[in-house]
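Here are a few short exercises to work through with the model open beside you. Try each task before you read its solution.

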Amino acid sequence: MNTYKAEFFCVCPINSVRVKYHLQIITEEIIPVEHIIEQFKRYDSGFHELIAEELHERFGGKQTLVADHHGVTIETTRP
């Protein structure tokens, strides 16, 4: 198994606050780091749950996306 951990920032579409995301992907596949970085560049603004869905569609595996949104921690897991 391979575990990829990364952080990126995205702006909340509701109030334009910058939010820091923590992503973990566990997979048997090899994911080039450059592909992860390129995917992050697509997220200028977005909803946590929709970003999690797109990341899972792109990279598969078991993923956890965590971010603190104005004092509320959202943790989204995709099998």
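**Exercise 1.** Which residue forms a salt bridge with Arg-78?

*Solution.* Keep in mind that this is a predicted model. Start at Arg-78 and look for a carboxyl oxygen within 4 Å of a side-chain nitrogen. You'll land on Glu-53, with the closest N and O atoms 2.8 Å apart. Next, place the two partners: Glu-53 sits in helix H2 (residues 48-59), while Arg-78 belongs to strand E4 (residues 72-78). They are 25 residues apart, so the pair links distant parts of the chain.

**Exercise 2.** Sort Glu-53 and Arg-78 by exposure: is each one buried, partly exposed or exposed?

*Solution.* Buried means under 20% relative accessible area, and exposed means over 50%. Arg-78 comes in at 18%, so it counts as buried. Glu-53 has 32%, so that one is partly exposed.

**Exercise 3.** Find how many salt bridges the whole structure has, and track down the others.

*Solution.* A search of the whole structure turns up three. One of them joins the side chains of Glu-7 and Lys-20, at 3.3 Å from N to O. Here too, distant parts of the chain are linked: Glu-7 is in strand E1 (residues 2-11) and Lys-20 in strand E2 (residues 18-27), 13 residues apart. Check their exposure as before: Glu-7 has a relative accessible area of 46%, so it is partly exposed, and Lys-20, at 35%, is partly exposed as well.

Then look at Lys-41 and Glu-38, whose side chains meet in a salt bridge at 3.1 Å, N to O. Lys-41 reaches 55% relative accessibility, so it counts as exposed. Glu-38, at 45%, is partly exposed.

**Exercise 4.** Step back and describe the whole chain: what pattern do its helices and strands follow?

*Solution.* Count the elements to begin with: there are two helices and four strands. Now read along the sequence, and the pattern is β-β-α-α-β-β. The radius of gyration is 12 Å, close to the 12 Å that the globule rule gives for 79 residues, so the chain is as compact as a globular protein of that length. As for its extent, the C-alpha trace spans about 35 × 20 × 15 Å along its principal axes.

**Exercise 5.** What share of the chain's residues is buried?

*Solution.* Buried residues make up 35% of the 79. For the surface side of the story, the accessible surface comes to about 5100 Å², and 53% of that belongs to carbon and sulfur atoms.

Key: Residues numbered from 1 in each chain as written. Predicted model: local features only at pLDDT ≥ 70, side-chain atom pairs only at ≥ 80, totals over all residues. Heavy atoms only, no water. Rg over C-alpha atoms; globule rule 2.2 N^0.38 Å. Buried < 20%, exposed > 50% of the residue type's maximum accessible area, 1.4 Å probe, protein only. Areas by Shrake-Rupley, 256 points an atom, 1.4 Å probe, with all protein chains shown as cover.
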